[in-house]
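Here are some short exercises for you to work through with the model open beside you. Try each task before reading its solution.

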Amino acid sequence: MHGVDRLLGGFFNLFEPLFRAAQRWLGLSRLGWLFVGPNLLVFGLFTFLPILINLLYASTGGVKLMPLERPFTGAENFAILLECRDYLDIQSCRKDVFWRATFNTAKFSLIQVGLMVGLSLLTALVLNRKIVGRGFWRGVFFYPVLLSPVVVALIWKWLLQSQGVFNAGLLAAGASPVDWLLDAGWAFFWTVFVSIWAHMGFYTLILLAGLQAIPKDMYEAAQLDAASPWRTLRRITLPLLMPNLIVVLVLALIRAVQIFDEVFVLTGGGPGSATTFIVQFIYQTGFAEQIHLYGLAAAASLLLALGLIALTLAQLRLTRASEAGQKAR
Amino acid sequence: MRTLAFFTRTRGRHRLDWTDWLSYLYLGAGLFTLFAPIVWLLMSSLKTESALGQFPPTFLPYSQKTVTVAGHDKLLPLFTVRQADGSLREMAQVRRIGIMATLVDPAQPTQEVRVNINDRKPVSELTFAWSNYTDLFAKFSFGRYLWNSVFITVVATLLTLLINSMAAFALSKYQFRGQKAVFLLIIATLMIPPTIILVPVFLVINSVGLLNSLWGVILPAIATPTGVFLLRQYMLTIPDELLEAARMDHASEWRIYWKIILPLSAPALAVLAIFSVMWRWNDFLLPLIVLSKSEVFTLQLALNSFQGELNTQWHYLLAMTVITLVPITLVFAFLQKYITTGIASAGVK
């Protein structure tokens, strides 16, 4: 502990003269810039600058990494991504993988978010009852949230492999084994299942916090009026939970659209492109394939960004509408 | 209608009724679904390579017993043999050709017996293959991956705490021109998910020469809007009079930040530290594009590249997975309350 103290003391002494000198120079109130400086530098270099460069990438072609060495191509990258001979047939598109990934992402997001938020709500309602060991149960449902996506994927890959425990179960039940991750339909099912398994605890926690914030006297009043449980749920619990529910829905949707790590390790996007999602398309186009098409990857990211901005705006709108609705009530 | 009592009631009666039983049943099913896979992983990681190859698998790490027999260099697998008179005898198998196996009694190594393979059953015993874990350090540069992960997590968390608390201090305790704009700018980055600027971030990291360097993973994410927001909201509750009094005593601003603000913000710093450890230890996409040489792999990258190899050596991979989830589990076990209340109040992960 003594060593740590000396280290911290040394660190403190290192900066004190600097700040004293700066205060003489800048005056007290402008010293704020010095404190916020390192943060802004990192944000500038690794967030704001990249946002600008992304626009440059999206409008240039070639394989060079340096934006200034890349030929300007205007909207060609977007044209390549979006061009199809027949918009009803994915196979006729120039980048059919992009369309497939977009379609998969949309399908995945809707199914996964619907099921996961439903399950989280159910779990939060159960946890909000008078149960023994609520803290323990809350921890049980939350724990998988902390596991890394790679670990989650490997746990399930081990269970689902051809000689895994699921196939042993099938065999014991007299059925024939299934190649869970090599069949397109099953692989998609498991990506949905595993991502719900890993993330639902997070949303359960937020919804539970919302439920616990509902004043108890509301329920007492409902009891006095002899309201049925169903009515209490529909008229008190759900309306008062609505702001949390909207936050959870949109947050889950924004995350689902960006699904990558777990699926990448679990199925690698396969079989074929059955579980290839949009971020994996960006990663593969920009980094994993032989020729790194940064422009195409950047254009695809911009399209993804547009989708995410739309979702965020929808959240703001919904939240405002629901708050206004509550005030009106 | 009674079914729905189950969802809405928050105050139960003293006696357990069937809706309570249903709740516990649901929770029990949840416990099983969430933890059985993890327990299965733990048990599997203690099986020997040959035991992992067995199908159908057993829950406990059973593997076939082996014995040394005089006159044979290798360890021989032990079987229970049903003899012609119906009695059972433990024998070691010397070789097997087709459906016939040649076995000897370890006590009489010269007398070989030939039996049909259906008349012998392997003798198994409980063996914990700790070597799966120890081999990781001996045979692979696993220690290196572990060190890389620990280094990134610790250094990045310290830097995150430092620069975000400095920014939060400036944004909560000073009035300077452009302050509001800075705050909004930082909060706006909450809406920009890292996946969207993947390509240009790669360019920037490459241009500043941090490709394949641990710093290339540490630096890009040390400024987090979540951290600034969390800390600023907390620091707003610290009374300004404390600062005024210190200034009267000619304390420098750095001293005020270091000796007054930081200690008083300890609870918020703790929450941010926990988040940061979680983010960094589990980070995958950024390391995946920045670190491509195996010397700089983190545990997550090593796991990913291991499982991608053609002949996945599951006995090592499973042990590695367990080691990777241990630190996070410990953090959770000790700090559960902070984590759950922190997330419930900040709504971040």
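The exercises below cover the nonpolar cores and one helix pair.

This is a predicted model, in which local features need pLDDT of at least 70, side-chain atom pairs count only at pLDDT 80 or more, and totals for chains, interfaces and linings use all residues. Residues are numbered from 1 along each chain as its sequence is written, while chains are lettered from A and ligands numbered from 1 in the order in which they are written.

**Exercise 1.** Find the largest nonpolar core and the helix that gives the most to it.

*Solution.* Start with the term: a nonpolar core is a set of buried Ala, Val, Leu, Ile, Met, Phe, Trp, Tyr and Cys residues joined through C-beta atoms within 7 Å. Buried asks for 20 or more other C-beta atoms within 10 Å of the residue's own, with C-beta atoms placed from the backbone. The largest core has 155 residues, and Leu154(A) and Ala167(B) are among those with the most contacts inside it. Helix 8 (residues 184-212) of chain A gives the most to this core, with 13 residues; helices are DSSP runs of H or I, at least four residues, numbered from the N terminus.

**Exercise 2.** Describe how helix 6 of chain A packs on helix 14 of chain B.

*Solution.* First, take the axes, which are lines fitted to C-alpha atoms over the stretch in contact, with angles from 0 to 180 degrees between N-to-C directions. Those of helix 6 (residues 149-160) of chain A and helix 14 (residues 299-308) of chain B come within 10 Å and cross at roughly 30°. Therefore the two helices are roughly parallel, a label for angles under 35 degrees. Finally, list the contact (C-beta atoms within 7 Å): helix 6 of chain A uses Val150(A), Leu154(A) and Lys157(A), and helix 14 of chain B uses Gln300(B), Leu303(B), Asn304(B) and Gln307(B).

**Exercise 3.** Which residues is Ala300(A) in contact with, leaving aside its neighbours within four places in sequence?

*Solution.* Ala300(A) is in contact with Leu81(A), Phe98(A), Ile278(A), Phe281(A), Ile282(A) and Thr285(A).

Note on methods:
A residue is buried if 20 or more other C-beta atoms lie within 10 Å of its own, exposed if 12 or fewer, and partly exposed in between; C-beta atoms are placed from the backbone. Two residues are in contact if their C-beta atoms, placed from the backbone, lie within 7 Å. Angles under 35 degrees count as roughly parallel, over 145 as roughly antiparallel, 65 to 115 as roughly perpendicular and the rest as oblique.
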